[in-house]
Amino acid sequence: MARKNTRYTPMKECVNVTIHKSNLKGTEENPVYYGKIRQRKLNVITILEEMQKDNATVLSKEVMFYIASELSKRMMNKLSQGYALEMLDFGTLFITMKGEIKRTDKPKEISKHFGIGFTPSKQAEEAVKDFEVRAVLDVSEQHYIKKICIASVNETEPNIIQAGRIARIYGKALKLGGNVFGLFLAPIDNNEEIIPDETKWTQVENICTNRPSQIDFIVPEKINKAENYKIILRTSLAAGGKPMKRSVAIESSILTII
(Lines give C-alpha, C1' and ligand atoms only; values in the text may rest on other atoms or scores of the structure.)
Protein backbone atom coordinates (compact mmCIF):
# COMPACT_ATOMS: atom_id res chain seq x y z
CA MET A 1 0.00 0.00 0.00
CA ALA A 2 1.44 3.33 -1.06
CA ARG A 3 2.13 5.81 1.71
CA LYS A 4 0.09 8.99 1.64
CA ASN A 5 1.89 12.26 1.29
CA THR A 6 1.26 13.97 4.63
CA ARG A 7 3.56 16.91 4.03
CA TYR A 8 1.93 20.18 5.05
CA THR A 9 1.76 22.79 2.31
CA PRO A 10 0.85 26.25 3.63
CA MET A 11 -1.83 28.13 1.70
CA LYS A 12 -0.63 31.08 -0.31
CA GLU A 13 -1.78 34.57 0.61
CA CYS A 14 -4.32 36.07 -1.81
CA VAL A 15 -4.71 39.65 -2.94
CA ASN A 16 -7.28 41.59 -4.96
CA VAL A 17 -6.07 43.54 -7.98
CA THR A 18 -7.92 46.57 -9.34
CA ILE A 19 -7.30 47.59 -12.96
CA HIS A 20 -7.07 51.33 -13.71
CA LYS A 21 -6.96 53.16 -17.02
CA SER A 22 -3.87 55.30 -17.49
CA ASN A 23 -4.35 58.94 -18.46
CA LEU A 24 -0.67 59.38 -19.32
CA LYS A 25 -0.13 56.53 -21.78
CA GLY A 26 -2.03 54.91 -24.63
CA THR A 27 -4.83 56.30 -26.78
CA GLU A 28 -8.62 56.12 -26.77
CA GLU A 29 -8.44 53.33 -29.35
CA ASN A 30 -5.65 51.45 -27.57
CA PRO A 31 -5.84 52.32 -23.86
CA VAL A 32 -3.15 51.29 -21.41
CA TYR A 33 -4.08 49.90 -18.01
CA TYR A 34 -2.15 49.39 -14.81
CA GLY A 35 -2.94 47.38 -11.69
CA LYS A 36 -3.10 48.26 -8.02
CA ILE A 37 -3.20 45.84 -5.13
CA ARG A 38 -5.77 46.70 -2.49
CA GLN A 39 -3.73 47.44 0.59
CA ARG A 40 -4.38 45.85 3.97
CA LYS A 41 -2.77 48.32 6.37
CA LEU A 42 -1.18 47.26 9.63
CA ASN A 43 0.37 49.36 12.39
CA VAL A 44 2.99 48.69 15.04
CA ILE A 45 0.41 48.42 17.84
CA THR A 46 -1.31 45.51 16.10
CA ILE A 47 1.99 43.65 15.68
CA LEU A 48 2.97 44.26 19.32
CA GLU A 49 -0.42 42.97 20.49
CA GLU A 50 0.08 39.87 18.37
CA MET A 51 3.52 39.31 19.89
CA GLN A 52 2.11 39.65 23.40
CA LYS A 53 -0.79 37.33 22.64
CA ASP A 54 1.57 34.65 21.30
CA ASN A 55 3.90 35.03 24.30
CA ALA A 56 6.67 35.93 21.85
CA THR A 57 8.22 38.45 24.24
CA VAL A 58 8.91 38.92 27.93
CA LEU A 59 8.30 42.66 27.64
CA SER A 60 4.92 44.35 27.95
CA LYS A 61 3.23 45.91 24.95
CA GLU A 62 3.71 49.37 26.49
CA VAL A 63 7.46 48.91 26.95
CA MET A 64 7.85 47.57 23.40
CA PHE A 65 5.88 50.52 22.02
CA TYR A 66 8.11 52.96 23.92
CA ILE A 67 11.22 51.30 22.44
CA ALA A 68 9.70 51.32 18.93
CA SER A 69 8.77 55.02 19.30
CA GLU A 70 12.27 55.94 20.46
CA LEU A 71 13.81 53.96 17.60
CA SER A 72 11.52 55.67 15.10
CA LYS A 73 12.35 59.14 16.46
CA ARG A 74 16.11 58.53 16.34
CA MET A 75 15.98 57.01 12.85
CA MET A 76 13.98 60.02 11.61
CA ASN A 77 16.61 62.31 13.14
CA LYS A 78 19.40 60.41 11.32
CA LEU A 79 17.46 60.63 8.05
CA SER A 80 17.21 64.42 8.49
CA GLN A 81 21.00 64.47 8.88
CA GLY A 82 21.44 62.82 5.49
CA TYR A 83 22.06 59.22 6.50
CA ALA A 84 20.73 56.25 4.50
CA LEU A 85 18.90 53.91 6.87
CA GLU A 86 18.94 50.13 6.72
CA MET A 87 15.39 49.15 7.71
CA LEU A 88 16.18 45.80 9.34
CA ASP A 89 15.56 43.11 6.69
CA PHE A 90 13.25 45.26 4.56
CA GLY A 91 15.69 47.44 2.64
CA THR A 92 17.35 50.84 2.65
CA LEU A 93 15.67 54.24 2.94
CA PHE A 94 17.68 57.10 1.46
CA ILE A 95 17.57 60.69 0.20
CA THR A 96 17.26 61.04 -3.57
CA MET A 97 16.74 63.70 -6.23
CA LYS A 98 13.58 63.90 -8.31
CA GLY A 99 12.84 65.71 -11.54
CA GLU A 100 15.04 67.54 -14.01
CA ILE A 101 17.88 69.76 -12.85
CA LYS A 102 19.56 72.38 -15.03
CA ARG A 103 23.27 73.15 -14.86
CA THR A 104 22.36 76.78 -14.21
CA ASP A 105 20.12 75.98 -11.20
CA LYS A 106 21.14 77.59 -7.92
CA PRO A 107 21.54 75.47 -4.74
CA LYS A 108 18.20 76.77 -3.44
CA GLU A 109 16.44 75.59 -6.62
CA ILE A 110 18.22 72.21 -6.54
CA SER A 111 17.13 71.63 -2.93
CA LYS A 112 13.49 71.61 -4.08
CA HIS A 113 14.18 68.28 -5.82
CA PHE A 114 15.01 66.35 -2.64
CA GLY A 115 12.87 63.27 -2.08
CA ILE A 116 12.82 59.84 -0.45
CA GLY A 117 13.93 56.64 -2.18
CA PHE A 118 13.72 53.05 -1.05
CA THR A 119 15.61 49.99 -2.23
CA PRO A 120 13.97 46.75 -1.07
CA SER A 121 16.15 43.92 0.21
CA LYS A 122 16.25 40.50 -1.44
CA GLN A 123 14.37 39.11 1.56
CA ALA A 124 11.56 41.64 1.08
CA GLU A 125 11.34 40.92 -2.65
CA GLU A 126 11.17 37.19 -1.96
CA ALA A 127 8.42 37.72 0.62
CA VAL A 128 5.99 39.11 -1.99
CA LYS A 129 6.62 36.65 -4.83
CA ASP A 130 4.20 33.94 -3.78
CA PHE A 131 0.92 35.84 -3.69
CA GLU A 132 -2.05 34.52 -5.62
CA VAL A 133 -4.60 36.84 -7.22
CA ARG A 134 -7.98 36.20 -5.63
CA ALA A 135 -9.91 38.48 -7.96
CA VAL A 136 -9.36 41.05 -10.70
CA LEU A 137 -11.82 43.84 -9.95
CA ASP A 138 -13.65 45.96 -12.50
CA VAL A 139 -11.78 48.75 -14.22
CA SER A 140 -11.79 51.82 -12.02
CA GLU A 141 -11.90 55.02 -14.05
CA GLN A 142 -9.62 57.81 -12.93
CA HIS A 143 -12.28 60.44 -13.64
CA TYR A 144 -16.05 60.04 -13.47
CA ILE A 145 -19.29 61.84 -12.65
CA LYS A 146 -21.42 60.07 -10.05
CA LYS A 147 -24.37 62.42 -9.57
CA ILE A 148 -25.72 65.80 -10.67
CA CYS A 149 -28.49 67.67 -8.84
CA ILE A 150 -29.62 71.10 -7.65
CA ALA A 151 -27.40 72.26 -4.78
CA SER A 152 -29.60 72.41 -1.69
CA VAL A 153 -29.78 71.09 1.87
CA ASN A 154 -32.26 68.44 0.76
CA GLU A 155 -30.73 67.34 -2.51
CA THR A 156 -33.21 67.01 -5.32
CA GLU A 157 -33.84 64.32 -7.90
CA PRO A 158 -30.65 63.45 -9.78
CA ASN A 159 -30.06 64.67 -13.36
CA ILE A 160 -32.49 67.59 -12.98
CA ILE A 161 -31.05 71.09 -12.58
CA GLN A 162 -32.59 74.56 -12.70
CA ALA A 163 -31.67 77.59 -14.79
CA GLY A 164 -30.28 80.40 -12.66
CA ARG A 165 -29.66 78.15 -9.65
CA ILE A 166 -26.53 76.41 -8.39
CA ALA A 167 -26.10 72.84 -9.62
CA ARG A 168 -23.81 70.31 -7.96
CA ILE A 169 -21.68 67.55 -9.52
CA TYR A 170 -20.34 64.68 -7.42
CA GLY A 171 -17.65 62.34 -8.68
CA LYS A 172 -13.94 61.60 -8.73
CA ALA A 173 -11.02 63.65 -10.07
CA LEU A 174 -13.36 66.41 -11.28
CA LYS A 175 -11.23 69.42 -10.38
CA LEU A 176 -10.88 71.83 -13.28
CA GLY A 177 -7.30 72.82 -14.05
CA GLY A 178 -4.17 72.30 -16.11
CA ASN A 179 -3.54 73.45 -19.66
CA VAL A 180 -6.99 72.55 -21.00
CA PHE A 181 -10.14 72.66 -18.88
CA GLY A 182 -13.74 73.76 -19.02
CA LEU A 183 -17.32 72.87 -18.10
CA PHE A 184 -19.95 72.71 -20.85
CA LEU A 185 -23.64 71.97 -21.29
CA ALA A 186 -23.78 70.05 -24.57
CA PRO A 187 -27.18 69.42 -26.26
CA ILE A 188 -28.00 65.90 -27.44
CA ASP A 189 -29.69 64.66 -30.63
CA ASN A 190 -32.60 62.25 -31.08
CA ASN A 191 -30.25 59.30 -30.52
CA GLU A 192 -29.24 60.75 -27.17
CA GLU A 193 -25.76 61.46 -28.50
CA ILE A 194 -23.93 64.73 -27.89
CA ILE A 195 -24.05 67.11 -30.85
CA PRO A 196 -20.36 67.29 -31.84
CA ASP A 197 -20.52 70.93 -33.03
CA GLU A 198 -19.01 72.67 -30.01
CA THR A 199 -20.32 76.05 -31.15
CA LYS A 200 -23.72 74.80 -29.98
CA TRP A 201 -22.40 73.97 -26.52
CA THR A 202 -22.86 76.39 -23.62
CA GLN A 203 -19.76 76.98 -21.54
CA VAL A 204 -20.37 77.44 -17.84
CA GLU A 205 -18.64 80.60 -16.63
CA ASN A 206 -19.62 80.77 -12.97
CA ILE A 207 -17.90 78.00 -10.98
CA CYS A 208 -18.62 78.25 -7.23
CA THR A 209 -16.79 75.16 -5.97
CA ASN A 210 -13.89 73.42 -7.69
CA ARG A 211 -12.84 70.26 -5.84
CA PRO A 212 -11.81 66.77 -6.94
CA SER A 213 -15.04 65.29 -5.56
CA GLN A 214 -17.43 68.21 -6.08
CA ILE A 215 -18.09 70.96 -8.62
CA ASP A 216 -20.76 73.61 -7.98
CA PHE A 217 -21.78 75.96 -10.78
CA ILE A 218 -24.53 78.41 -11.68
CA VAL A 219 -26.71 77.14 -14.51
CA PRO A 220 -26.92 79.88 -17.19
CA GLU A 221 -30.25 81.75 -17.11
CA LYS A 222 -30.62 81.85 -20.92
CA ILE A 223 -30.14 78.12 -21.53
CA ASN A 224 -32.69 76.57 -23.90
CA LYS A 225 -34.88 74.47 -21.56
CA ALA A 226 -36.61 72.77 -24.48
CA GLU A 227 -33.48 70.67 -25.09
CA ASN A 228 -31.87 67.90 -23.07
CA TYR A 229 -28.17 68.11 -22.29
CA LYS A 230 -25.14 66.26 -21.07
CA ILE A 231 -22.35 67.87 -19.10
CA ILE A 232 -18.87 67.68 -20.60
CA LEU A 233 -16.16 68.34 -18.04
CA ARG A 234 -12.63 68.77 -19.36
CA THR A 235 -9.63 68.80 -17.08
CA SER A 236 -5.87 68.30 -17.34
CA LEU A 237 -5.43 67.24 -13.72
CA ALA A 238 -4.94 63.63 -12.62
CA ALA A 239 -6.80 62.08 -9.70
CA GLY A 240 -4.01 63.16 -7.34
CA GLY A 241 -4.05 66.74 -8.62
CA LYS A 242 -0.90 66.58 -10.76
CA PRO A 243 -0.96 68.05 -14.30
CA MET A 244 -1.37 65.53 -17.12
CA LYS A 245 0.18 65.62 -20.58
CA ARG A 246 -3.25 65.65 -22.20
CA SER A 247 -6.73 66.54 -21.03
CA VAL A 248 -9.63 64.16 -20.42
CA ALA A 249 -13.31 64.72 -21.11
CA ILE A 250 -15.87 63.36 -18.64
CA GLU A 251 -19.42 62.86 -19.89
CA SER A 252 -22.50 62.87 -17.66
CA SER A 253 -25.87 61.18 -17.96
CA ILE A 254 -28.71 63.04 -19.72
CA LEU A 255 -29.84 66.18 -17.91
CA THR A 256 -33.16 67.97 -17.82
CA ILE A 257 -33.07 71.73 -17.16
CA ILE A 258 -36.17 73.29 -15.61
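A residue is taken as buried when its relative accessible area is under 20%. By that cut-off T209 is buried, because its relative accessible area comes to 14%. This holds for a predicted model, as does everything that follows. T209 sits in strand β12, and, leaving aside residues up to four places away in sequence, it touches Q214, I215 and D216. Across the strand pair, T209 stands opposite D216 in β13.

That cross-strand partner leads straight into the hairpin. β12 and β13 form a hairpin with three residues between them, and the two strands pair in the antiparallel sense over three bridges. Strand β13, made of residues 214-218, is mostly covered, with four of its five residues buried. On to the next neighbour: β13 also pairs with β9, again in the antiparallel sense, over five bridges. Within that pairing, A167 stands opposite F217 in β13.

Strand β9 covers residues 166-172 and is joined to β7 by six bridges, the two running antiparallel. Here K147 faces a partner too, standing opposite Y170 in β9. Put together, these pairings give an open sheet of four strands in the order β7-β9-β13-β12, with antiparallel pairing. At the edges are β7 (144-150) and β12 (207-210), each of which pairs on one side only. On average, neighbouring strands of this sheet are turned by 15 degrees against each other, direction ignored. As general background, strands of a sheet pair through backbone hydrogen bonds, either parallel or antiparallel.

Stepping back to the whole chain, there are four helices and 15 strands. Of the 258 residues in the chain, 26% are buried. The chain exposes about 19,100 Å², and carbon and sulfur atoms supply 52% of that area. As for contacts with a separation of 6 or more, 57% come from residues 24 or more positions apart.

Salt bridges come next, and the count is seven. One of them joins E198 and R234, whose side chains meet at 2.6 Å, N to O. E198 lies in the loop between β10 (182-187) and β11 (202-203), while R234 is in strand β14 (residues 229-237), so the pair ties together parts that are 36 residues apart in sequence. With a relative accessible area of 41%, E198 is partly exposed.

Strand β14 also takes part in a salt bridge between E251 and K230, where the closest N and O atoms are 2.9 Å apart. This pair links distant parts of the chain, with E251 in strand β15 (residues 243-257), K230 in strand β14, and 21 residues separating them. The two partners fall in separate accessibility classes: E251 counts as partly exposed because its relative accessibility is 45%, whereas K230 counts as buried at 10%. The limit that puts K230 in the buried class is the one given for T209, under 20%.

Turning to the helices, K61 forms a salt bridge with E49, and their closest N and O atoms are 3.4 Å apart. Here, too, the pair links distant parts of the chain: K61 belongs to helix α2 and E49 to helix α1, 12 residues apart. At 38% relative accessibility, E49 counts as partly exposed. Elsewhere, salt bridges link E70, K73 and R74 in a network.

The loop between those two helices brings in a surface feature. V58 is located there, between α1 (44-53) and α2 (61-80). Its relative accessibility is 83%, which means that V58 counts as exposed. Together with L59, V63, Y66 and I67, V58 makes a nonpolar surface patch of about 520 Å². V58 and T209 thus sit on opposite sides of the accessibility scale, V58 being exposed at 83% and T209 buried at 14%.

Technical notes
Residues numbered from 1 in each chain as written. Predicted model: local features only at pLDDT ≥ 70, side-chain atom pairs only at ≥ 80, totals over all residues. Heavy atoms only, no water. Pairing = 2+ DSSP bridges. Axes fitted to C-alpha atoms, helices over the stretch in contact; angles between N-to-C directions. Patch = residues over 30% accessible without salt bridge, like charges linked within 9 Å, V, L, I, M, F, W, Y side chains within 5 Å. Areas by Shrake-Rupley, 256 points an atom, 1.4 Å probe, with all protein chains shown as cover. Salt bridge = Lys/Arg side-chain N within 4 Å of Asp/Glu carboxyl O. Buried < 20%, exposed > 50% of the residue type's maximum accessible area, 1.4 Å probe, protein only. Contact = heavy atoms within 4.5 Å.
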